[in-house]
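Please open the structure in your viewer and keep the selection tool at hand. This tour proceeds from stop to stop, stating what to select and what is found there.

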Amino acid sequence: MTKGKAAQMPATDTQRSGEASSGLSRLREAARRDRQLRFTNLMHHLTVDMLREAYRALKRDAATGVDGMTWQEYGETLESRLPDLHDRVQSGRYRAQPSRRIWLPKPDGRQRPIGIASLEDKIVQQALVWVLEQIYEEDFVDFSYGFRPGRAPHEALDALSVGLSRQRVDWVLDLDIESFFDRIDHDWLMKFLEVRIGDPRVLRLIRKWLRAGVQEEGTRTETREGTPQGAVISPLLANVYLHYALDLGASRWEQDEAQGAMLMVRYADDVVVGFQSHRDAERFRAWLTERLGKFRLTLHPTKTRLIEFGRFAAARRAARGEGKPETFDFLGFTHICSKTKTHGWFTVRRQTMKKRLRAKIRQVCEAQMRHRHESLEKQGRWLRSVVQGHFNYYAVPGNRPSLDVFRTQVIRGWLQALRRRSHKGRNFTWKRLKPHVHEWIPTARILHPYPSERLSVTHPR
């Protein structure tokens, strides 16, 4: 699926950027021609021009790292800073700084640690990611979708939905790798990288980032395992790790061991595997548990589930006197066995995960209370972006009821916030708010095509 893609470096209007892109294209051609080739000279691709493009590709308003440097401040003296940064990187004098750790709430109430790198670390990491992608995009398997150029979550959702509908899948193994990003083994990661990367300067640079540690409330902590979530290079390193620890082995297992049909879709560390045979599913889970253990990873004992799913699941469970088929979650959607209204054919219905929906509604309502004293126009513009952003991801066929719930609750929260403006605000009526709702709040409608239609366009074969 990834064959023939162009180099994923932002296009610029300078000839030197074109030359750099051409160099990356030749790198990719070499990786495509020889899958066993080790690249021993990659650092020369990290030019001043590429560092400049990497700087421009960063988010302007991103949080600062331990250096406290913002994107705007760095850009004020960009042309004098980049040659110095380039010289330090090429000579080996470059020193990685620890990531600043913050904690973000998760939908289930827990907190997720996020590492924010310093600005120069982000620049160098982004440039190196562009270089390494030229190699690994030729190696990564088709069922890997997460954090790859030209691929998006909905491609993984489409592939899974079409696979479950068209292939003979009767069992689904919903995998959860416990604390994956925190448990990546540095030694194994470097061994995996050395399969393709033979440039010692690149390997030393990556090891510097792995060993830089994290800083929280002024205290620096060394990191002996894991990659900081939030770092620019972490998604690529995670994909490399799972490519060798999971993807290649699973592909060989399907060819050599599977007795029935098998379907696999992976987005970063979220993995769903479908099987025709229950025995295959059990054998694969046992094999995977042992294989991941070799690479210091474990499957979550309670979140990893094997469920009966597919076109015959409802009938079989009814014959046994059991309830409806179980559901599973993937990339924010709950996947449900269903039938089409017209012909009664089997289909996979997807709806917004309830805990995600509740968490999003609660987050928006809390923000509405904080912004309740702003003008109605300003609140309306903000709510329109929030609601439209939610629809842009979740407006898939069959999910209209969840969209309506989200829109209704946002409007209700808006009315409650306005009534809390002051003691006079209690008289703020729905009739008064209704024109603003029509002006600012988008109507729920399906924005995505059916998975089979989009998949047939993006991947005709």
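**First stop: V386**

Select V386 and display its surroundings. Leaving aside neighbours within four places in sequence, V386 is in contact with K360, V364 and F406, where contact means heavy atoms within 4.5 Å. V386 belongs to helix α14 (residues 376-394); helices (H or I, at least four residues) and strands (E, at least two) are DSSP runs, numbered from the N terminus. The C-alpha atoms of V386 and V364 are separated by 8.2 Å, although these residues are 22 residues apart along the chain. V386 counts as buried because its relative accessibility is 14%; buried means under 20% relative accessible area, exposed over 50%, and partly exposed in between (1.4 Å probe, protein chains only).

Before moving on, note that this is a predicted model, in which local features need pLDDT of at least 70 and side-chain atom pairs count only at pLDDT 80 or more, while totals for chains, interfaces and linings use all residues. Residues are numbered from 1 along each chain as its sequence is written, and side-chain values use heavy atoms, with hydrogens and water left out.

**Second stop: the sheet of four strands**

Select β6, β7, β3 and β8. In that order, these four strands form an open sheet with antiparallel pairing; two strands pair if DSSP finds at least two bridges between them. β6 (262-267) and β8 (305-308) stand at the edges with a single partner strand each, so one side of each has no neighbour in the sheet. From one strand to the next, the twist averages 15 degrees. Axes are lines fitted to C-alpha atoms, for helices over the stretch in contact, and angles run from 0 to 180 degrees between N-to-C directions.

Now restrict the view to β3 (residues 171-176) and β7 (residues 270-275), which run antiparallel and are joined by six bridges. Which residue in β7 is the bridge partner of D176? The partner is D270.

Add helix α10 (residues 234-256), which packs on the sheet and touches β6 and β7. The direction of α10 makes about 175 degrees with that of β6. Helix α11 (residues 278-294) lies across β3, β6, β7 and β8, and runs at about 15 degrees to β3.

**Third stop: F192**

Select F192, which is found in helix α8 (residues 186-194). Is F192 buried or exposed? F192 is buried, because its relative accessible area is 6%. Not counting residues up to four places away in sequence, F192 touches Y136, V240, Y241, Y244, A245 and F295. One of these, Y244, is 52 residues apart from F192 along the chain, yet their C-alpha atoms are separated by 6.8 Å.

**Fourth stop: the cavities**

Rolling a probe the size of a water molecule over the atoms shows where empty space is left. On a 1 Å grid over the protein atoms alone, a cavity is a set of points where a 1.4 Å probe fits but cannot get out, and lining residues have an atom within 4 Å of a point. Grid points are joined across faces, edges and corners, and a volume is the space filled by probe spheres set on the points.

The structure holds two cavities of 30 Å³ or more, and the largest has a volume of about 90 Å³. Select S99, Q125, W209, P228 and A231, which lie nearest the centre of the largest cavity among its 14 lining residues. At least two residues of this lining come from each of α5 (119-136), α9 (200-211) and α10.

**Fifth stop: the sheet of three strands**

Select β9, β10 and β11, which form an open sheet in that order with antiparallel pairing. The edge strands, β9 and β11 (346-352), each pair on one side only. Neighbouring strands here are turned by 40 degrees against each other on average, direction ignored. Three bridges join β9 to β10, and the bridge partner of F328 in β10 is H335.

In the loop between β9 (328-330) and β10 (333-339), select L331. Its phi is near 55 degrees, a positive value in a residue other than glycine. L331 counts as buried because its relative accessibility is 12%.

**Last stop: S179**

Finally, select S179 in the loop between β3 and α7 (180-183). The phi of S179 is near 45 degrees, again a positive value in a residue other than glycine. S179 is partly exposed, because its relative accessible area is 38%.

Definitions and conventions: 1 Å grid on protein atoms, 1.4 Å probe; cavity = no way out; pocket = protein on both sides within 12 Å on 5 of 7 lines; lining within 4 Å.
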